[in-house]
Each structure stands twice: as structure tokens, then as C-alpha cells.
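Colleague: Please choose one part of this model and take me through it closely, explaining the terms as you go.

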Amino acid sequence: MKQVQTNGKFSKIGFILATAGSAVGLGNVIRFPYIMGDSGGGAFFVIYLLTILFIGASVMLAEMVVGYKGQAGAVSSLEKLTTGSPGPWRPIGWVISSSSNIIFSYYVILLAWMITYIGLSASGGLAHEPAAADAIFASTRENLPRTLLLSILLIILTFGVVSRGISRGIERLNLILMPMILLIFGGMFIYAATLHGFGEALDFMFKFKWSDITMKVVVSAIGMSFFTLSLGSAIVLAYSASLPKGSNLVQSIGYVVLLDTLIAIVSGIMIFSFVFTYGGSPTAGFGLVFITLGTVFSNLGYLGQLLGVVFFSALFFAGITSAVSMVEPMLKAVHYRFKVSRSKAAIALALPTALLTAIITLSFGGYFGDINLMDIVDYILSNVLLPMGGLAITIFVGWFMDRKVVEDAVDGKLHGFFELWYIIIKYIAPLLIIIVMLSLLGIM
Ligand code: TRP
């Protein structure tokens, strides 16, 4: 019985690494550099840091408070903690929890491609020039049987790890993979510092011009801060429900935000160093990693093969630690709400997830005409469901939770800043999220 109990809780370092493992993912390495390139570098960076600090970290604390005090999945926690009627919070809890599971259904496809690219790097199969690299990326996407097979294996792996529980599954995986990710990115960063494009990369990332700050830059910085910190989809909430009593929430957030930002900066500088040294465009979008870097690696001979394997493996590890976090919210919600075991909940959830993954995969084979389902689902989630999840949580903590319970969870760790945080959660964050949503949807 004792063992079952401890398996249900994180250790202090385990919680920090698992939450950072969720935050550090494909977003840091693929999305951050290209959005930065798209938004003019330095200006985006400054706004991004400010939003991470004031909005991102604040919303993260709100999610943590709900999980930590609720000690259950989002559905049961919201129901338990509201001072009003629990009625509306039950469906809201389900919607928030399911959004991360939906993200997972296409995130595994990206991870499946990553495995393909590890193989291509190892065998020297990457193209030497951009047009051919484009063709390889296209054929990777269009190889449906391979994508499907790898995705299903990844779904089994992820649900398998998560069904083992918090400490034997999620925590153990992160304790192994997170140090490896830090080591690989650290090593590659040092290598990048020896390239002649390093200075240009620094210039590009940190050159600040007031005129670069536009509404679009502000909006994409806020959107990015939500995605990169895994907010708005009950992940932080679900992990915090497995914190032992007496945890220091504020300190944990400090470490998580620091690690996440560090990895984004390090991988940004590294990728741009490669791009400026060997050619390519910093605004290449999604292709920046698969096409531009693939071409760079393939022109470096054996060194490139090694760099390719190491880089795509680190990216894969970063993605797996995020993927594991994405299935925990629904699993936990089902586990607590219907009182079934984690393994049963895992099986019940893995099947519909695999079905969704299969449907999204089929759209790469032209089965739905020109429609790219991954882009559509990603757009709806990032621009509608995640901000709405964040909005619901801030409104819940600011307006529907007993302030004393909130204060008790934060436990004086914010010192004089509690009042400021509370105002952010109650008024500023909800307002900003609404503005961002309207603007992303093109309404404002
Ligand atoms: N934060 C991860 C990344 O940067 C992705 C991620 C994990 C995520 N969980 C999430 C994004 C929940 C949105 C919501 O890649």
C-alpha cells in the first residue's frame, strides 16, 4: 500500500524536471526560432521575455494552485474547489483536459517524422541541396504506412509510460531524458560558438529596434508563451495534483521557466549559427529544422551525420517528455472521475487517440483533397482552445475560488508580490487573453 502511495507523488526534482520536460519540446526548437525570425528577432525576444515573466508564469501559478489544492484531475478539482455551483465547471474541465490529448494526436506524427530523420541522418540519406531536401521532407510526409506504424508504436509507448504512474512512469522518464537533452543542446551550442555565423546569429537574435514592435509581434509572443509553457490544457494542473504537501510552487515555476527559456535561446542561437554559416533563410518556417538544417548536416560529411543523429535524437527526447505530459490530464480526469485504474483509463483513451492520429495522417496522403488536417487542428487548438483554457483557469482562480485557499497554496512565497499576481490573474491576464484570441482569429 505504501508503495502505491509514493508512486502517486512526484519528488521535488521530479516535479520540476517533468514540468520542464513538458514545457521544453518541439515548440522551443522548431516554433520559437522561426516565429522569432518571422517577427524580426530582438523585438520579439524582449516582448517574449516580458510575457513569459508576467503572463506565462502567472497563469502557470494559477494552474498549479488548482491542481495542488484539488489533488485530482481538472474535472474533479474544479468541481471540488469552486465557491459557486459546480455545474458549468465539469464540462469546462473535460474540454480543457481533452485539448492536450488532441494536441498529442498530431504531435506524435511529428515525432514519427523525427525518427525517420534520425535514420536518414545516420545512413547519410539527407539531401545536399534545398530542392532535394524539400523532396525528402515531402516523401517523409507522404509515406503513410511508415508514419502510421511509428505513430502507433509511439502512442503505445507514451500511454504505457503514463499508465505506470507518476513516479515509476513519468518522473523516471524525465529524470533520464532531461539531463540528456541539456547535455546535447549544451554540447551543440559550444560547437555552434566556433562557427563564423555565431556572431551574426547573436546579432539577429538580440538586435533590438523599437520600430519592430507591432501588435502582431505582441500577439505572437503571448501565443508562443502559452504554447511553450504548456499552459491552458490542464497539464500543469494535472502534474501539480501529484505534488506532495508543503511544496514550494513559486520556486518550482522559477526553475521551469528558466529551463524552458534557456533551451529556447540556446537552440535559437545554435540553429541560426548553422543557418548563417552554411546558408539558408532564418524565416523558413517549419522547414527550418527539417529542410534547412537537414541540408546543412548533409554537407558536413561524417561530422554532419553525427550532428544530425544527435540533434534529431535530442529533439525526439524533448518531444517525448512533452508527449507524456499531454496524455496525463485526460488520464487523470478519467481516473478520478470514474474511479478506474490508470491502466484501464490508458487503454480507453489510447484507442480514440490512435483513430484521430490515423485520420490526421491520412490527410497527408491527399485523402481529403487539399486539406491539411494537422494545420487546421493545430490552428484551432493554439488559437482557440488553449487561450480559452487559460482564460477559464484565470477566471476560476480569480473569481470562483476562495481567496484564502489560494493564499494558502501560494504560502507566502510571493512575498509582497501576491497582490500584483492576484490582480494579474483576476483582471489583466483574462483581458489580454481575450484580446489575443480576437486578434488571432482576425476579429480585431
Ligand atoms: N510546450 C511544448 C513545446 O514547447 C508543447 C506542449 C506540451 C504543449 N504540452 C502542451 C503545448 C500543452 C500546448 C499545450 O513543444
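Modeller: I would start with α5 and α6, which are roughly antiparallel to each other (angles under 35 degrees count as roughly parallel, over 145 as roughly antiparallel, 65 to 115 as roughly perpendicular and the rest as oblique). This is a predicted model, in which local features need pLDDT of at least 70 and side-chain atom pairs count only at pLDDT 80 or more, while totals for chains, interfaces and linings use all residues. Residues are numbered from 1 along each chain as its sequence is written.

The axes of helix α5 (residues 74-81) and α6 come within 8 Å and cross at roughly 150°, where axes are lines fitted to C-alpha atoms, for helices over the stretch in contact, and angles run from 0 to 180 degrees between N-to-C directions. The helices themselves are DSSP runs of H or I with at least four residues, numbered from the N terminus. From α5, the residues Ala74, Val75, Leu78 and Glu79 meet Trp89, Arg90, Ile92, Gly93, Trp94, Ile96 and Ser97 of α6, a contact being two residues whose C-beta atoms, placed from the backbone, lie within 7 Å. By class, this contact of α5 with α6 has 7 nonpolar, 2 polar and 2 charged residues (Ala, Val, Leu, Ile, Met, Phe, Trp, Tyr, Cys and Pro count as nonpolar, Asp, Glu, Lys and Arg as charged, and the others, Gly among them, as polar).

From α6 we can move on to the ligand, since α6 (89-122) is among the elements that give residues to its shell. In total, 17 residues surround the ligand, and the closest are Gly25, Gly27, Ser230, Ser233 and Ser322; a residue is near a molecule if its C-beta atom, placed from the backbone, lies within 6 Å of it. Two or more residues of the shell come from each of α2 (12-23), α3 (26-38), α6 (89-122), α11 (215-228) and α15 (301-337). Sorted by class, the shell holds 7 nonpolar and 10 polar residues, with no charged ones.

Ser230, one of the closest residues to the ligand, lies in the loop between α11 and α12 (235-240). Its phi is positive, at about 55°, although Ser230 is not a glycine. Ser230 counts as buried because 29 other C-beta atoms lie within 10 Å (buried needs 20 or more such atoms within 10 Å of the residue's own, exposed 12 or fewer, and partly exposed is in between, with C-beta atoms placed from the backbone).

Thr19 belongs to helix α2, which is also among the elements of the shell. Because Thr19 has 30 C-beta neighbours inside 10 Å, Thr19 is buried as well, and, leaving out residues up to four places away in sequence, Thr19 touches Val236, Tyr239, Ser252 and Val256.

The helix α11, which also gives residues to the shell, brings in one more helix. The axes of α11 and helix α17 (residues 373-400) come within 11 Å and cross at roughly 70°, and α11 and α17 are therefore roughly perpendicular to each other. Their contact is made by Gly223, Phe226 and Phe227 of α11 together with Ser382, Leu386, Pro387 and Gly390 of α17. Here the classes are 4 nonpolar, 3 polar and no charged residues.

For contrast, consider His415, in the loop between α18 (403-410) and α19, which has a positive phi of about 50° although His415 is not a glycine. His415 counts as exposed because there are 8 C-beta neighbours inside 10 Å.
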